[in-house]
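Please look over the structure shown here before reading on. The briefing after it is meant for a reader who has not met this structure before.

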Amino acid sequence: MDDERGRAVRELAWEAVRHLRWLADAGMREIPTPAVAPGAHPPARAPSAPPAGDAAPGYRTSDRGCGSEPLLAIRAELGECARCPLGAGRTKLVFGTGNPTARLMFVGEGPGADEDREGEPFVGKAGQLLTRMIEAMGLARGDVYIANVVKCRPPGNRNPEPAEIEACEPFLRRQIEAVGPEVIVALGKFAAQTLLRTTTPITRLRGQWARYGGVKLMPTFHPAYLLRSPEEKRKAWEDLQLVMKELGPAGTR
Ligand code: SF4
């Protein structure tokens, strides 16, 4: 038991060290004040609260990313989707995760191997870095909503094909409408270029406000790229600071 507690304490300490390293890499010299005091905002709707929404066959509001009736309806419509070839190779369809009424939404490219296995976006090393980025903003991962342009893993982590995006993106668009975020952060070149219908390099897109479906969108670097190029964390942090400024002190609903 003591060993277990010791392991838990050591893991917590390591997590704190990793978080502080992210802050230091991003050029911060002091720990930011949380944007939201704990309990200052109503918690996300309890996933199991609206039993009426559970009428969708096979899906529940307690399922990952389905925490509201509109989101549940989208998930139910997707079902065991085979609208594009990516469906045939997936282990799990990665719908989304997080606060169903989040003010801030992160959108990535598509699931990788870890996400395909877990059925959750942004797990694994890049996901852990994204979590630290969110926490550096004074938020918790559960305060935001996270999804991808495509919901099934492209083989070998290749970029999704245009036809695959065309089949899947309408569901992302509807998720965005269902969540109703005030700001979307597009993570990486592919997500930013796809959502903005542009071929402009991410190095020129990042740090500049754009719009997706009427919602303000901030492109920034993908956490996987930041793992390979930690010297770029400072720029990503500058982008996130613009987002924090836009959202104001109340980062969550
Ligand atoms: S990627 Fe999207 S459209 Fe293609 S099978 Fe998966 S859920 Fe369906």
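What follows describes the chain as a whole, then its sheet, its core and the surroundings of its ligand.

This is a predicted model, in which local features need pLDDT of at least 70 and side-chain atom pairs count only at pLDDT 80 or more, while totals for chains, interfaces and linings use all residues. Residues are numbered from 1 along each chain as its sequence is written.

**The chain as a whole**

- The chain has 10 helices and six strands, where helices (H or I, at least four residues) and strands (E, at least two) are DSSP runs numbered from the N terminus.
- Of the 253 residues in the chain, 41% are buried, a residue being buried if 20 or more other C-beta atoms, placed from the backbone, lie within 10 Å of its own.
- Among contacts (C-beta atoms, placed from the backbone, within 7 Å) between residues at least 6 apart in sequence, 71% join residues at least 24 apart.

**The sheet**

- Six strands form an open sheet with mixed pairing and the order 1-3-2-4-6-5, two strands being paired if DSSP finds at least two bridges between them.
- Strand 1 (97-98) and strand 5 (210-212) are the edge strands, each pairing on one side only.
- Strand 5 pairs with strand 6 (residues 215-220) in the antiparallel sense over three bridges, and Tyr212 has Val215 as its bridge partner in strand 6.
- Helix 7 (residues 188-196) packs on the sheet and touches strand 2 (104-108), strand 4 (183-187), strand 5 and strand 6, and its direction makes about 130 degrees with that of strand 4 (axes are lines fitted to C-alpha atoms, for helices over the stretch in contact, with angles from 0 to 180 degrees between N-to-C directions).
- Strand 4 and strand 6 run parallel and are joined by five bridges, and Ile184 has Leu217 as its bridge partner in strand 6.

**The core**

- The largest nonpolar core (buried Ala, Val, Leu, Ile, Met, Phe, Trp, Tyr and Cys residues joined through C-beta atoms within 7 Å) has 56 residues, and those with the most contacts inside it are Met105, Val107, Val144 and Ala186.
- Helix 6 (residues 162-179) gives the most to this core, with eight residues.
- Leaving aside residues up to four places away in sequence, Met105 touches Val144, Tyr145, Ile176, Val179, Pro181 and Ile184.

**Around the ligand**

- Of the 14 residues around the ligand (C-beta atom, placed from the backbone, within 6 Å of it), Cys81, Cys84, Gly87, Cys152 and Cys168 come nearest.
- Helix 6 gives the most to this shell, with three residues.

Conventions
Two residues are in contact if their C-beta atoms, placed from the backbone, lie within 7 Å. A residue is buried if 20 or more other C-beta atoms lie within 10 Å of its own, exposed if 12 or fewer, and partly exposed in between; C-beta atoms are placed from the backbone.
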